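Here is a note for a colleague who is new to reading structures, set out as numbered points. Please keep the sequence and the structure in view while going through them.

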Number of protein chains: 2
Amino acid sequence: MPVTVVLQKTNGVELQVDPDEDEWVKIGKGVIIFVAFLKDTTADQLPAIVKKLLHLKYCERASILEQRRDVLLVPQATLGGKIKGKQLQYHGNVSKDEGRDLFMALIAEFQKQLEEAGVGDSITFKHGTYGNIQRMRNMSNDGPFTHTFTFPS
Amino acid sequence: MPVTVVLQKTNGVELQVDPDEDEWVKIGKGVIIFVAFLKDTTADQLPAIVKKLLHLKYCERASILEQRRDVLLVPQATLGGKIKGKQLQYHGNVSKDEGRDLFMALIAEFQKQLEEAGVGDSITFKHGTYGNIQRMRNMSNDGPFTHTFTFPS
C-alpha cells in the first residue's frame, strides 16, 4: 500500500509555496490533500488514485467533483514515518528525486482529470512544492473532517 | 490496531467546542492530535498511547514534553472511514457512547501524564467535545508536518 493520504475539509487556507519569496497559493471551500509516496509507488498507479479521490463521497454525501470543491495538494513525506521506540523512521519513503517526480506526475494527473470532467473553470486546484518548507495560514473549517487512506486500497 | 491518530504541528489554532455557544479553546505553538477509536479499543490501552505521543521525537528532534509544546486533542471519528467503492463506511468504529467514554478517558490520561511530568503549568492542554461539530479557525504552521499512526503499533 504505497501511497498514504490525509484529507481535511477546509473553508479556506493559504500555503506558502516558495520559502525564499512571499509567494502563497490559496483555495476556498474544499479539500486539502496531503500525500506521501512509499517505496514501490509507480506513476502508473496515480490515475486510479486521483479518480478515487475526486469521486469519493466524503461523509457519504457527495464528491469533490459533484460539490465543485477546491483542491490543495500538499507533498507530505512525514506521513511515511513509522514509530520505532521514541523515534520516527522514514525508511519506507521513496527517495527525494523519485518523490519529486511522482508529485509532479500527480499534479499533472489531477489537472488532466479535472479538465476531462469539465470543471477546470469551476474548481480551483493548487499545489505545494516538493522538498520545501510550506507554511500554512488562515486555515478554517466547519469541523476538521480528517480522513486517512492508503492506496491502492 | 484500534486507535487511529493524525498529528499536525501548528503555531496556533482555535477550536469551537460548543456549536450552540460561541465558545472556543485555543492553543499556541504545539500539536493537534486527531483521534478515532475503532472496535476493540479498551481504556487500558490508552496510557501507553498517551506516553508514546508525549515522548515521541517528532521529525527526529524532540518530544512534546521536551519542547513544552501545547496539545489540542480532537475527536475525529471520520478517521475510521474505509473506502468501499465511492462510499466511506464506518463499520469499524466504536459506538458513539463507547467513543465518548474512551475520549473522556483519553483526556484524563493526558492530564494525568502532563501533571506527572511536571509540565501542567507550562503546556496548554485543550480538547474538543465528542459528537459535536467543531469548527476550526486561524490555524497556521511552519509547514504542516502531518503524521498518521495506528496504536498499538
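1. Two strands are said to pair if DSSP finds at least two bridges between them. With that in mind, strand S5 (residues 70-75) of chain B pairs with S8(B) in the parallel sense over three bridges, and within this pairing Leu72(B) stands opposite Lys126(B). Please remember throughout that this is a predicted model.

2. The pair just described belongs to an open sheet of chain B, in which five strands follow one another in the order S8-S5-S4-S1-S10 and the pairing is mixed. At its edges stand strand S8 (125-127) and S10 of chain B, each of which pairs on one side only. From one strand to the next, the twist in this sheet averages 20°. As background, strands of a sheet pair through backbone hydrogen bonds, either parallel or antiparallel.

3. Which strands make up the open sheet of six strands, and in what order? The order is S3(A)-S2(A)-S9(A)-S9(B)-S2(B)-S3(B), with antiparallel pairing, and the sheet therefore takes strands from chain A and from chain B. S3 of chain A and strand S3 (23-27) of chain B stand at the edges, each with a single partner strand, so one side of each is left without a neighbour in the sheet. The twist here averages 25° from one strand to the next.

4. Where the chains join within that sheet, strand S9 (residues 136-141) of chain A and S9(B) pair in the antiparallel sense over three bridges, and Met139(A) has Met139(B) as its bridge partner.

5. Further out in the sheet, S2(A) pairs with strand S3 (residues 23-27) of chain A in the antiparallel sense over five bridges, and these strands form a hairpin with four residues between them. Glu14(A) stands opposite Lys26(A) in this pairing. In chain B, strand S2 (residues 12-18) and S3(B) likewise pair in the antiparallel sense over five bridges, with Lys26(B) as the bridge partner of Glu14(B).

6. Glu14(A) deserves a second look, since its side chain forms a salt bridge with Arg137(A), where the closest N and O atoms are 3.0 Å apart. This pair links distant parts of the chain, for Glu14(A) lies in strand S2 (residues 12-18) of chain A and Arg137(A) in strand S9 of chain A, 123 residues apart. Over all chains, the count comes to eight salt bridges.

7. How much area do chain B and chain A bury between them? The value is about 3500 Å², with 59% of it on carbon and sulfur atoms. In chain B, the residues that lose the most area to chain A are Ile83(B), Lys86(B) and Leu88(B), which together account for 17% of what that side buries. The contact takes 42 residues from chain B and 42 residues from chain A.

8. Across this interface there are two salt bridges, and a salt bridge also joins the side chains of Asp142(A) and Arg135(B), at 3.4 Å from N to O. Between chain B and chain A, 24 residue pairs are in polar contact. The elements that give two or more residues to the side of chain B that touches chain A include helix H1 (46-55) and strand S7 (87-89) of chain B, while S9(B) gives the most, with six residues. By class, that side has 17 nonpolar, 18 polar and seven charged residues.

Terms used: Residues numbered from 1 in each chain as written. Chains lettered and ligands numbered in written order. Predicted model: local features only at pLDDT ≥ 70, side-chain atom pairs only at ≥ 80, totals over all residues. Heavy atoms only, no water. Contact = heavy atoms within 4.5 Å. Buried area = accessible area lost by both parts, 1.4 Å probe. Salt bridge = Lys/Arg side-chain N within 4 Å of Asp/Glu carboxyl O. Polar contact = N/O pair within 3.5 Å; in protein donor to acceptor, adjacent residues only side chain to side chain. Nonpolar A, V, L, I, M, F, W, Y, C, P; charged D, E, K, R; others polar. Axes fitted to C-alpha atoms, helices over the stretch in contact; angles between N-to-C directions.
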